[in-house]
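These are my notebook entries on charged pairs and a nonpolar patch. I set down each item as I looked it up.

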Amino acid sequence: KEEHKLDPIGQPVTLIPLETLAESFVPGKDFTMGVKCDVWPTLKWAESEEEKPYHGLSGKYSRKPYDETKFNLAMKDLRDRYAVLEDMPDGTKLDWGDACTVNMVGYMSNDAGDKLEPLPNTASGENVEVVLGKGRYMEGLVEGLVGAAVGETKTVQTAFPERLKDKTLAGKKAVFDVSILQSSTRKLPELDDEFANDVRPGMDIKTLRDELQKAVDEEDAKEFVEDRNKALSEALATRIDIEMPDSILVNQAREKYAEMMTDFRTNGMSDEEIQKLITPENFLKYKNIVKPAIVNDFKVTLGTEEIAKLESVEVPAYRVDEQMASLKKESEQSGEEFDEAQVRPRVENTLQRRMVFDYLAENGNLEVEFKDEEGGEGFDAELMDTLAKDSIAREETLAIELEEKDKAEAAAAAAAAADAESDQA
């Protein structure tokens, strides 16, 4: 093993039958015995024009379309943050979308809108910047400033949100005297490279759109990660060349064969019938059927492990701890035992594999087909017409068969009656 740097696996088999070896064995003398066994395969990458043999994986998978509404709202919020303020001419009244600087003095209030005791300083303030946008502040505050101008003081009735952290003010009614000190129009930036560069130096508008789309779509995309990874796996398997050890192939085929027999029993097949299926011939046929899938899975497993080494893909400890805590809690709730020593390596391998697939996706060329799930695949009128015609044809054939059967039965009955009359005569 050390001399030839081999990693043997499976059960070794002697090259010469044991009976023959026993005849030549002499106690006390050196004895050489040849054996044959599988060895762990060496992964070979197929030739590729890419910088790395596992880059540029191509394939195709389907998912629902991007949520354009979310994207547009996110882009609007981003433009809002980079809006340019321009002072308004004297006497110009505030409108929705404008901004102003104000002094605010607040009072507790009642249903009639009377001013009661002053609010804490934290609820009031000087030189407060207010953007006249819906949903930004307490209900009624912004609405009360629309139409005001610099130099005016507006008395605005409002109420604190029910979910306010300060429970002494949550849900309470209030009145604010708001003095307008300065007013400005807000000009949103154009969607161009200049705006993108303001967001991050060196970024162009295409990169900004792509990154924002990715961020907005992250949650929806999780739903289709399995389909994405399947496409990547199929492409990755074509880039890997290995000799599948037969011992591994047989073991995995046996596991799948046993699972299939278990499914048969679950679906109601009797043990006697299942036992008839478990023969060497049937297993060999089954192994040949599942061999391509097992080989591809083996390639992908070796490939992702090798890529993790080459690209130094390491799972942060906190992510493993989070997953372990979640699994432990589930085990406790279900009353099952939780063996951390066995579970942790599996969790680490699973998370690392996901990170490798994310890396492959970022450096791949997958084609995404967007399908709207609401409408399904549509109504196939031609198919429905064919099915209807087939159904009618079956009904007509059945009617003819029944008619012929009735005629035959009637003829037989008539013949029997004639025979009976003849016998009586």
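Entry 1, Val35. I looked up the place of Val35 and found this residue in strand 2, which covers residues 35-39. The model I am reading is a predicted one. Is Val35 buried, partly exposed or exposed? I recorded a relative accessible area of 44% for Val35, so this residue counts as partly exposed, given that the class lies between the 20% and 50% limits. I then noted that Val35 contributes to a nonpolar surface patch of about 360 Å², made together with Phe25, Phe31 and Met33.

Entry 2, salt bridges. I next turned to the charged side chains. Opposite charges on side chains can pair when the charged atoms come close. How many salt bridges does the structure hold? I noted 15.

Entry 3, Glu211 and Arg200. I looked up the salt bridge between Glu211 and Arg200, in which the closest N and O atoms are 2.9 Å apart. This pair links distant parts of the chain, 11 residues apart: Glu211 belongs to helix 5 (residues 205-221), while Arg200 is in the loop between helix 4 (193-199) and helix 5. I checked accessibility for each partner. Glu211 is partly exposed at 37%, and Arg200 is partly exposed at 38%.

Entry 4, Lys287 and Asp246. I found a salt bridge between Lys287 and Asp246, with 3.6 Å between the closest N and O atoms. Which helices hold the two partners? I placed Lys287 in helix 9 (residues 280-310) and Asp246 in helix 7 (residues 246-266), so the pair ties together parts that lie 41 residues apart in sequence. Lys287 has a relative accessibility of 13% and therefore counts as buried, the limit being under 20%. Asp246, at 40%, counts as partly exposed.

Entry 5, Arg344 and Glu340. I looked up a pair within a helix. Arg344 forms a salt bridge with Glu340, and their closest N and O atoms are 3.4 Å apart. I located both residues in helix 11 (residues 340-362), where they are four residues apart, about one turn of the helix. I entered Arg344 as partly exposed, with a relative accessible area of 23%. Glu340 is also entered as partly exposed, with 40%.

Entry 6, a network. Which residues are joined into one network by salt bridges that share partners? I noted Lys76, Asp80 and Arg186.

Note on methods. Residues numbered from 1 in each chain as written. Predicted model: local features only at pLDDT ≥ 70, side-chain atom pairs only at ≥ 80, totals over all residues. Heavy atoms only, no water. Salt bridge = Lys/Arg side-chain N within 4 Å of Asp/Glu carboxyl O. Helix = DSSP H or I, 4+ residues; strand = E, 2+ residues; numbered from the N terminus. Buried < 20%, exposed > 50% of the residue type's maximum accessible area, 1.4 Å probe, protein only. Patch = residues over 30% accessible without salt bridge, like charges linked within 9 Å, V, L, I, M, F, W, Y side chains within 5 Å. Areas by Shrake-Rupley, 256 points an atom, 1.4 Å probe, with all protein chains shown as cover.
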